[in-house]
Amino acid sequence: MRVGFDATNILGHSGIRTYTRELVLALASEFPEDEFVLFTTFSSSKKTPLQKFFGGYPNITITGGLPHPRMLGDSLRRVTELTESIAWWIHEVKLDFVHLTDPYGTPALPGSFVATINDIFPITEEEYHGSDLSRKYILRTPVLLKKAHAIITPTAYVKEVLRESYQSFPVDIVPVHDAASESFRHVPPDEEVLSGYGLSRNSYFLFIGRVDPRKNLANLVKAWSLISEGNRSRSNLVLVLSGCLEEKEKFRKQCGKLLEDSSIISIEGVSEEDLIQLYSSATAFVFPSFAEGFGLPVIEAMQCGCPVITSNVSCLPEITGDAAILIDPNSPEEIAAAMNAAADSDGERDKLISKGFKQAELFSWKLTAKRTMDVYRGIMSRK
């Protein structure tokens, strides 16, 4: 089997980029008889890093031939789409099909493809309504459902949302769980690293993620103001944040004086090594998101032996099973009560850590690759 991937934009730290890289590596490792072709632009500045990253796998081929998605700017977007359509038409002759891991990021679709739809929040979530992103999703999603050989989703929850939103499309939609990198594992506390952030072991609650209305940071900050005085006096709330300046400013205005609490620490640009240290030494990881496609940080936390407090909505109960404290994300009081419970009881924390390790074992890139290959083989049998 020879499967193509759009690799014009897969190096970096976003969820889709990480998914693409980890999936390709796992597929190449588990299925050495199959070939995986990564298409990028003609630029050596794009090809060289990919060759360095994937060069150890003889069944991964890296080739140029796709236009950069923004090579001509928005004013000539149609020309870029036409150029990419022609490029796919040329390259597909030597492929069985293409796996689009970011089907909303590519200017034009191949003729024969499977697509991963991680979520359709730009359609379903009110915050996106009227935006360019929402319009893009509204236009492309029915095309994907009509033309794809199969659709992969990271959870059964996303499959259900797609089925409810687009009931007339008969395409196979197959949930295939993502996974966390094996590098996320429990490590002993490094006092030098922790003290660099003004922290010590088991003295802080942790949030990691984008500043985005879906992440429900305002209710988390409000919950922090409601936890017991004793716990707040001897703990910190650590927010490891990413995202655009505009959203960060909205978040600051929304929280107002609550965010001025000196026990709240906001940090950015944290390395993966430090993230692992922060997960491993936290009192609990608090992730009160309103909606997720998979919720990768939850699994990262569990693999690092960090108790998890998260929402009882969207895909999060599916991902956590009984290994987390589930809360109503609309209730700061409930979030605060869960944080108090984690801080007040070593027994509760130990129970969550033990269950978290077992739950995290259900997710691996090896298993993701095998289930993805099952989708591929189903496509080949039908073709």
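The following exercises, each with a worked solution, concern a predicted model.

**Exercise 1. The seven-stranded sheet**

Determine the strand order of the open sheet of seven strands, and state which strands stand at its edges.

Solution.
- Step 1. The order of the strands is β3-β2-β1-β4-β5-β6-β7, and their pairing is parallel.
- Step 2. The edge positions belong to β3 (60-63) and β7 (173-175); each has a single partner strand, so one side of each is left without a neighbour in the sheet.
- Step 3. On average, neighbouring strands of this sheet are turned by 25 degrees against each other, direction ignored.
- Step 4. Within the sheet, β5 (residues 113-116) and β6 run parallel and are joined by two bridges. T116 has I152 in β6 as its bridge partner.

**Exercise 2. Helices on the seven-stranded sheet**

Identify the strands across which α5 lies and those that α6 touches, and give the angles.

Solution.
- Step 1. Helix α5 lies across β5, β6 and β7, and runs at about 135 degrees to β5.
- Step 2. Helix α6 packs on the sheet and touches β6 and β7, its direction making about 160 degrees with that of β7.

**Exercise 3. The six-stranded sheet**

Establish the order of the six strands that form an open sheet, then locate the helix α8 that packs on it.

Solution.
- Step 1. The strands follow the order β10-β9-β8-β11-β12-β13, with parallel pairing.
- Step 2. At the edges stand β10 (264-267) and β13 (325-327); because each has a single partner strand, one side of each lacks a neighbour in the sheet.
- Step 3. From one strand to the next, the twist averages 25 degrees.
- Step 4. Strand β8 (residues 204-210) is joined by two bridges to strand β11 (residues 284-287), and the two run parallel. Here F205 stands opposite A284 in β11.
- Step 5. Helix α8 (residues 217-226) packs on this sheet and touches β8, β9 (236-242), β10 and β11. The direction of α8 makes about 165 degrees with that of β9.

**Exercise 4. The surroundings of T155**

Decide whether T155 is buried or exposed, and list the residues that T155 touches beyond four places away in sequence.

Solution.
- Step 1. T155 is found in the loop between β6 (151-153) and α6 (156-165).
- Step 2. The relative accessible area of T155 is 0%. Buried means under 20%, so T155 is classed as buried.
- Step 3. Leaving aside residues up to four places away in sequence, T155 touches P175, H177, G293, F294, C315, E318 and I319.

**Exercise 5. Salt bridges within helices and between loops**

Compare the locations of the salt-bridge pairs D132 with R135, E247 with K250, and R214 with E292.

Solution.
- Step 1. A search of the whole structure finds 12 salt bridges; the three pairs are treated in turn.
- Step 2. In the pair D132 and R135, the closest N and O atoms are 2.3 Å apart. Because D132 and R135 are three residues apart in helix α5 (residues 132-147), about one helical turn separates them. D132 is exposed, with a relative accessible area of 59%, and R135 is partly exposed at 43%.
- Step 3. The side chains of E247 and K250 meet at 3.8 Å, N to O. Both residues lie in helix α10 (residues 245-255), three residues apart, about one turn of the helix. K250 is partly exposed, at 44% relative accessibility.
- Step 4. Salt bridges with shared partners join R214, K215 and E292 into one network.
- Step 5. For R214 and E292, the closest N and O atoms are 3.8 Å apart. R214 lies in the loop between β8 and α8, and E292 in the loop between β11 and α12 (296-303), so the pair ties together parts that are 78 residues apart in sequence.
- Step 6. R214 is buried, with a relative accessible area of 10%; E292 is buried as well, at 6%.

**Exercise 6. A nonpolar surface patch**

Name the residues of the nonpolar patch on the surface, and describe the exposure of L82 and I90.

Solution.
- Step 1. The patch is formed by L82, I86, W89 and I90, which together have about 480 Å² of accessible area.
- Step 2. I90 is found in helix α3 (residues 77-91), and L82 lies in helix α3 too.
- Step 3. L82 has a relative accessible area of 54% and is exposed, whereas I90, at 48%, is partly exposed.
- Step 4. From I90 to G243 the C-alpha to C-alpha distance is 37 Å, with their positions 153 residues apart in sequence.

How values were computed
Residues are numbered from 1 along each chain as its sequence is written. This is a predicted model: local features need pLDDT of at least 70, side-chain atom pairs count only at pLDDT 80 or more; totals for chains, interfaces and linings use all residues. Side-chain values use heavy atoms; hydrogens and water are left out. Helices (H or I, at least four residues) and strands (E, at least two) are DSSP runs, numbered from the N terminus. Buried means under 20% relative accessible area, exposed over 50%, partly exposed in between (1.4 Å probe, protein chains only). Two strands pair if DSSP finds at least two bridges between them. Axes are lines fitted to C-alpha atoms, for helices over the stretch in contact, and angles run from 0 to 180 degrees between N-to-C directions. Contact means heavy atoms within 4.5 Å. Patches are made of residues with over 30% relative accessible area and no salt bridge: like charges are joined within 9 Å, nonpolar side chains (Val, Leu, Ile, Met, Phe, Trp, Tyr) within 5 Å. Accessible areas come from the Shrake-Rupley method with a 1.4 Å probe; for residues, only the protein chains shown count as cover. A salt bridge is a side-chain nitrogen of Lys or Arg within 4 Å of a carboxyl oxygen of Asp or Glu.
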